[in-house]
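Me: Please take a close look at one helix with me, and then show me what else is worth finding around the model. I'm new to this, so plain words would be great.

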Amino acid sequence: MKPDLISNDSQLNSSGKLIHLLGLKGLPKEQIENILNVASRLLDTQGNLKKSKVLDDMSVANLFFEPSTRTRNTFEIAAKRSSAQTINVDLANSATKKNETLMDTMHTLKAMQIDMFVIRHKKNGLPHHIANNIEGIAIINAGDGINAHPTQALLDMLTIQQEKKSFKDLSVAIVGDIRHSRVAHSDIHALRTLGTKDIRLIAPGYLQYNGEVSNNLKLLDNLDEGISGVDVVVTLRLQKERMLAAEIPNEKVYFDHYGITNEKLKLAKPNAIVMHPGPVNRGIEVDTAVADGPQSVILKQVTNGIAIRMAVMEVLAQAL
Ligand code: NCD
């Protein structure tokens, strides 16, 4: 599938208010900046999370049809820190296993007076389908297939903003399995909308981006060239579960060409930051010395993920 085929139009109502968060393609800059501002307000000067009462009396259901550690748990923590009740639907043992249709399960959960669904699914566009077929519930896309992962991209933007301030002077390299990465696809939309000067996508041809290119977006297959002088390096996992067996590269060869080591990192700006959405495969896309090194902001991204998810739920609650 080519990225960018699925429309996010139904996430804004006729007065331009955000009623679902389905993807960052087409989401106006003001909406992105508003979520970043709300998230920043939820962090104190040390970067620690505050608590909020904005979701008091509301309930949020986590519907994860694919494995997840950080996204599912940080959504749950975010809802709880915002004073909502949370429900983790046990999908392995749910009625969908007894052949209930997905939409019937959704309507049943709606009848339980749930206000927001957080949905992760391997099918591209599934959260969009649910949003288009159910009313009065806010849908948050927590990752659909290879299409989009908007809250991950927003937490990435918050982390970059904290470290680098302005997007317009930045060079950002995204390295690795871009083709199968919903994170990269959403990062690209966010970086473009925020006016990033120089976006470099670095991958071997068969893992390279196959979406729309533009003046500020370069496709490269050479890591040394791509990483030179950048402010931000975003590394990605090889998403083998989304590849055909024949596409899976030899990990050692891949690491030699695209692995981020301290030696490679020296080519970037001296104060460059290294990011990763997790889960990290050490020694495949990034060396342990880099993942745990002084330029890594990987754990900061995790904390920021809670602030972003609180902010998204706060903004959506205003439209409910
Ligand atoms: C990512 C995902 O699920 O898309 N992880 C995450 O949400 N933190 C990236 C990945 O699986 O590699």
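Reply:
**One helix, up close**

In helix α1, the residues that count as buried (under 20% relative accessible area with a 1.4 Å probe, protein chains only; exposed is over 50%, partly exposed in between) are Q31, I32, I35, L36, V38 and A39. Looking down the axis of α1, you find these buried residues within an arc of 160°, so they line one face of the helix; the arc is taken from the directions from the helix axis to the C-beta atoms. Turn to the other side of α1 and you meet E30 and N37, both exposed.

Please keep in mind that this is a predicted model, where local features need pLDDT of at least 70, side-chain atom pairs count only at pLDDT 80 or more, and totals for chains, interfaces and linings use all residues. Residues are numbered from 1 along each chain as its sequence is written, and side-chain values use heavy atoms, with hydrogens and water left out.

Helix α1 covers residues 29–41, which makes 13 residues. From its first C-alpha to its last, α1 reaches 18 Å, close to the 18 Å expected at 1.5 Å a residue. That expected span is 1.5 Å times one less than the number of residues. Helices here are DSSP runs of H or I with at least four residues, strands are runs of E with at least two, and both are numbered from the N terminus.

Now set α6 (182–193) beside this picture. Helix α6 has twelve residues and spans 17 Å from first C-alpha to last, close to the expected 16 Å. Ten of its twelve residues are buried, so α6 is largely enclosed by the rest of the structure. Among those buried residues are R182, H185, D187 and H189, along with V183 and I188.

R182 also leads us to the largest pocket. A pocket is an open set of points on a 1 Å grid over the protein atoms alone, where a 1.4 Å probe fits, with protein on both sides within 12 Å along at least five of seven lines; lining residues have an atom within 4 Å of a point. The lining has 21 residues, and R120, R182, R237, G278 and P279 lie nearest the pocket's centre. Helices α2 (70–81) and α6 each supply at least two residues of this lining. Domain 1 (3–148 + 302–317) and domain 2 (150–297) both contribute to it, so the pocket lies between them; the bounds come from an automatic or database domain assignment.

Two of those central residues share a special bond: the peptide link from G278 to P279 is cis, with omega near -5°. P279 sits in the loop between β9 (273–275) and α10 (288–291).

Other loops have their own surprises. S83, in the loop between α2 and β2 (85–88), has phi near 70°, a positive value in a residue other than glycine. S83 is partly exposed, at 23% relative accessible area. Q113, in the loop between α3 (102–111) and β3 (116–121), also has a positive phi, near 65°, and is exposed at 64%.

Finally, try two buried spots. V172, in strand β5 (residues 171–175), has 0% relative accessibility, and its C-alpha is 4.8 Å from that of V232, 60 residues away in sequence. M157, in helix α5 (residues 150–164), is buried at 1%, and lies 9.6 Å from Q301, C-alpha to C-alpha, although 144 residues separate them in sequence.
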